[in-house]
Each structure stands twice: as C-alpha cells, then as structure tokens.
Amino acid sequence: MYTFTNRYLSIDKNLEFAQAAMMGPNAMRVAEELASHLDIKENMKVLDLGCGCGLSTLLLAQKYGVSVVAADLWISPTENYERFQSAGIDDKAIPISVDATKGLPFANGYFDILFTIGAYQYFGDTAEMLPSLIPFVRKGGYIAVAIPGIKYEFGENIPDEMKPFWHDEVDRTIHSLEWWKNLWETEKGIEIIDISEMACHKQAWDEWLAGYHPGLPFADVIAESIEMMKAENGKYYNTIQLIAKV
C-alpha cells in the first residue's frame with residue numbers, strides 16, 4: 001500500500017525534505033493509503049485542499065500523474081512553488097492560497113477528486129461546509145478526506161492524561177468516527193463509500209515526531225505532540241478516512 005512513500009523516504013535527501021515539510025503526521029503516507037481506495041487515472045484534475053507544504057501533492061503528482069491544484073490558507077503559494085520546483089512537479093502542481101470557509105474560486109464540476117489530508121477538521125466541522133464543496137466536483141467524482149480523530153467522544157469526561165493537551169481548538173476540531181459519520185450522513189448530495197480508521201495511524205505519527213529538532217518549523221507543536229502521544233499511549237487517538245461519491 002505504501003510503496004511510493006517507503007521508496008521515497010528510503011533516500012536520505014528525500015527524508016530530509018519530507019521531515020522539513022511535515023506539519024503533522026506524515027501526510028505522504030496518509031495520502032498514499034487514502035488514494036489507494038480511489039480509482040485515480042493519469043491527468044485527472046485533483047484539488048488538494050489544505051495541502052500544507054505539499055507532501056500529499058507530491059504523492060499525487062508523482063505516483064499518479066494527475067494535475068493538482070495545491071490550495072492552502074497558511075502556507076505561501078510561493079514557498080510551495082519553490083518546493084514543487086525542487087521536487088520536479090511544478091508542471092503538475094499549481095499552488096494557490098484559499099480560505100475554504102470563504103468560498104473557493106473554481107468552476108463547478110471542475111475537479112475529478114477533492115482530496116484533503118490533515119486539514120478538513122479545521123474548516124469542515126459544520127453542516128454547511130460539505131455541501132459548499134460538492135459543486136466543485138464532477139458528477140461521479142469523489143471527495144476523499146483523512147483527518148486525525150479520537151476513538152470516542154470525550155464530552156465532559158476528558159481523560160486525566162489528556163487534559164493538559166485538550167484546549168478549545170482541539171475540542172472543536174478532533175472528533176470520533178461516529179461524529180463525522182453522523183455529520184456526513186445528513187448530506188444528500190453524496191453517496192458515502194467508506195468511513196473507517198486508517199491503518200497508517202501510528203506510523204504516520206511516528207514519522208512526524210521522529211524528525212523533531214528545535215530548528216524545524218512548528219518545533220513547539222511537535223514537542224507538545226510528542227508529550228501528548230506519550231500520555232495517550234495509543235488509547236485515544238486514531239486517523240479517520242471519509243470517502244464519498246458525488
């Protein structure tokens with residue numbers, strides 16, 4: 001399942017590139033597992049929404065030969081363009097800046113696949129977001145999402161070991177598979193294909209946290225995440241995939 005990611009990370013310069021680009025659990029590995037459930041064909045048009053520093057974009061462009069619009073709110077398109085040039089995918093990847101909560105600047109039905117790794121939880125937690133995205137995907141196309149989650153909703157009963165890490169933003173964005181399933185099942189414009197836990201959860205987290213050093217971007221976030229994952233010890237967190245056909 002992870003043939004591209006394993007081969008890519010086996011080369012020292014690629015591993016260094018990937019570790020510098022990780023903004024969370026290894027988006028390349030998560031993207032490869034999610035993509036394995038889709039029938040992706042060369043030259044399809046894919047929106048990589050919340051692409052971060054582009055590891056998921058690199059996987060899509062290099063492994064599948066698709067054309068990717070790499071959209072992110074936090075990362076400069078110029079920075080991503082330079083990364084795409086260095087990775088040799090600048091002919092396949094168009095970096096842009098967008099805020100999904102304020103509408104997307106695309107034609108209806110333009111994309112074959114809307115693909116998002118480790119970002120949807122920040123903007124997709126309302127009943128309004130999914131129907132606002134559906135028009136941009138052609139009929140018969142797919143919306144494929146992978147997000148960090150928890151095995152059950154904590155509610156008011158936050159486990160003691162998680163309390164130091166459980167602030168308002170985490171409470172808003174991190175939910176269980178059942179929570180996301182309930183939200184997506186209300187949308188009539190899609191056919192849900194799969195909602196399940198992902199196999200790569202632990203490895204993707206380990207690969208991100210193993211690359212920690214104080215000079216990395218988001219080093220403080222990584223340091224806190226290392227402590228959080230030690231505290232939860234595999235008891236609470238998971239990674240969730242949601243796949244729907246338009």
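Helices in this report are DSSP runs of H or I with at least four residues, and they are numbered from the N terminus. Helix α11 is one such element, and Glu227 and Lys230, being three residues apart in it, are separated by about one helical turn. The structure described here is a predicted model.

## The sheet

Seven strands form an open sheet with mixed pairing, in the order β3-β2-β1-β4-β5-β7-β6. Its edges are formed by β3 (93-97) and β6 (191-197), each of which pairs on one side only. Averaged over the sheet and with direction ignored, neighbouring strands are turned by 15° against each other.

Strands of a sheet pair through backbone hydrogen bonds, in either a parallel or an antiparallel sense. Two pairings illustrate these arrangements. Strands β1 and β2 are parallel partners joined over five bridges, and within this pairing Val46 has Val68 of β2 as its bridge partner. Strand β6, by contrast, pairs with β7 (residues 237-245) in the antiparallel sense over six bridges; here Ile192 stands opposite Ala244 in β7.

Strand β1 (residues 45-49) is largely enclosed by the rest of the structure, because four of its five residues are buried. Helix α5 (residues 77-87) lies across β2 and β3, and its direction makes an angle of about 165° with β3.

## Asp72 in strand β2

Asp72 belongs to strand β2, which spans residues 67-72. The residue is buried yet takes part in no salt bridge. Its nearest side chain of opposite charge is that of Arg83, at 8.3 Å, whereas a salt bridge requires a side-chain nitrogen within 4 Å of a carboxyl oxygen.

Which backbone nitrogen does the side chain of Asp72 reach at 2.8 Å? That atom belongs to Trp74. A polar atom of the Asp72 side chain also lies 2.9 Å from the backbone nitrogen of Ile75. When neighbours within four places in sequence are left aside, the contacts of Asp72 are Gly50, Cys51, Gly52, Ile96, Ser97 and Val98.

## Salt bridges

The model contains twelve salt bridges. Three of them are listed below with their N to O distances.

| Positive residue | Negative residue | N to O distance |
|---|---|---|
| Arg138 | Asp112 | 2.5 Å |
| Lys235 | Glu161 | 2.7 Å |
| Lys230 | Glu227 | 3.8 Å |

The salt bridge between Arg138 and Asp112 links distant parts of the chain: Arg138 is in strand β5 (residues 137-150) and Asp112 in strand β4 (residues 111-117), with their positions 26 residues apart in sequence. Asp112 counts as buried at 12% relative accessibility, while Arg138 is partly exposed, with a relative accessible area of 30%.

Lys235 and Glu161 meet through their side chains in a salt bridge, and this pair also links distant parts of the chain, being 74 residues apart. Lys235 is in the loop between α11 (219-232) and β7, and Glu161 occupies the loop between β5 and α8 (168-173). Relative accessibility is 44% for Lys235, which counts as partly exposed. Glu161 is likewise partly exposed, at 26% relative accessible area.

The pair of Glu227 and Lys230, in contrast, lies within helix α11. Is each partner buried, partly exposed or exposed? Glu227 counts as partly exposed at 43% relative accessibility, and Lys230 is exposed, with a relative accessible area of 59%. Elsewhere, Asp125, Glu169 and Arg172 are joined into one network by salt bridges that share partners.

## Ala204 in helix α10

Ala204 is located in helix α10, which comprises residues 201-210. Its relative accessible area is 0%, so Ala204 is buried. Although Ala204 and Val30 are 174 residues apart along the chain, their C-alpha atoms are separated by 6.8 Å. Beyond neighbours within four places in sequence, Ala204 is in contact with Pro25, Asn26, Arg29 and Val30.

Definitions and conventions:
Residues numbered from 1 in each chain as written. Predicted model: local features only at pLDDT ≥ 70, side-chain atom pairs only at ≥ 80, totals over all residues. Heavy atoms only, no water. Helix = DSSP H or I, 4+ residues; strand = E, 2+ residues; numbered from the N terminus. Buried < 20%, exposed > 50% of the residue type's maximum accessible area, 1.4 Å probe, protein only. Lys, Arg positive; Asp, Glu negative; His and termini not counted. Polar contact = N/O pair within 3.5 Å; in protein donor to acceptor, adjacent residues only side chain to side chain. Contact = heavy atoms within 4.5 Å. Pairing = 2+ DSSP bridges. Axes fitted to C-alpha atoms, helices over the stretch in contact; angles between N-to-C directions.
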